[in-house]
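Trainee: I am new to this structure and would like a close look at a single part of it. Please take one residue and work outward from there.

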Amino acid sequence: MKKLKYDFILIFALLVLSGIIIFFMNNKKTGNSVQVYKNNELIATYPLDADNEYKIKNGNEYNILKIENGKAKIIKASCKNQICVHHKCVCKDGEEIICVPNNIIIRIVSNEKGDVDAVAK
């Protein structure tokens, strides 16, 4: 009987811990803009609040970025694997879509100053 009691306590503690982790993972700020990097160099910044499509070229390769309803998504790409096209929409600060074959990174950023991420001495 005692073993069963400890099992329930352990299960309850794991559920609470899972809930806390999920809360903090989903508690990111919504981004204000999209930064586009080509070959690890920032080439453009677009606002998330203006619906539009942008063609990002890298030599003969390209990606088409669509911003709609405050979310960004790659809707077409010249790469073979199409992983970037099948990636979910991004809208929260720090989220990224990466196209490795075309060497393109789409990163959501927030202009708001938030809490300190780390402190170094």
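Mentor: Take V34 in this predicted model. Setting aside its neighbours within four places in sequence, V34 is in contact with A44, T45, Y46, L48, L65, I67, A72, I106, R107 and I108.

Two of these partners, L65 and I106, also appear beside V34 in another list: they are the residues with the most contacts inside the largest nonpolar core. That core has 21 residues. Two or more of its residues come from each of these elements: β1 (33–38), β2 (41–47), β3, β4, β5, α2 (83–86), β6 (96–99) and β7 (104–109).

Three of those contributors, in the order β3-β4-β5, make up an open sheet with antiparallel pairing. Its edges are β3 (52–58) and β5 (71–77), each of which pairs on one side only. From one strand to the next, the twist averages 25°. Between β3 and β4 (residues 61–68), which run antiparallel, there are seven bridges. Within this pair, N63 of β4 is the residue opposite I56.

Another contact of V34 is R107, and it leads to the salt bridges. The structure holds three of them. In one, the side chain of R107 meets that of E96, at 2.5 Å from N to O. R107 lies in strand β7 and E96 in strand β6, so this pair ties together parts that are eleven residues apart in sequence. What is the exposure of the two partners? R107 has a relative accessible area of 25% and is therefore partly exposed. E96 is at 28%, so it too counts as partly exposed.

Another salt bridge joins the side chains of K66 and E68, with 3.8 Å from N to O. K66 counts as partly exposed because its relative accessible area is 27%. E68, at 39% relative accessibility, is likewise partly exposed.

There is also a salt bridge between K88 and E95, whose closest N and O atoms are 3.2 Å apart. Are these two residues buried or exposed? Since exposed means over 50% relative accessible area, K88 is exposed, at 52%. Buried means under 20%, so E95, with a relative accessible area of 18%, is buried.

To return to the starting point, V34 touches L65 and I106, and these three have the most contacts inside the largest nonpolar core. V34 also touches R107, whose side chain forms the salt bridge with E96.

Methods: Residues numbered from 1 in each chain as written. Predicted model: local features only at pLDDT ≥ 70, side-chain atom pairs only at ≥ 80, totals over all residues. Heavy atoms only, no water. Pairing = 2+ DSSP bridges. Helix = DSSP H or I, 4+ residues; strand = E, 2+ residues; numbered from the N terminus. Axes fitted to C-alpha atoms, helices over the stretch in contact; angles between N-to-C directions. Core = buried A, V, L, I, M, F, W, Y, C linked by side-chain atoms within 4.5 Å. Buried < 20%, exposed > 50% of the residue type's maximum accessible area, 1.4 Å probe, protein only. Contact = heavy atoms within 4.5 Å. Salt bridge = Lys/Arg side-chain N within 4 Å of Asp/Glu carboxyl O.
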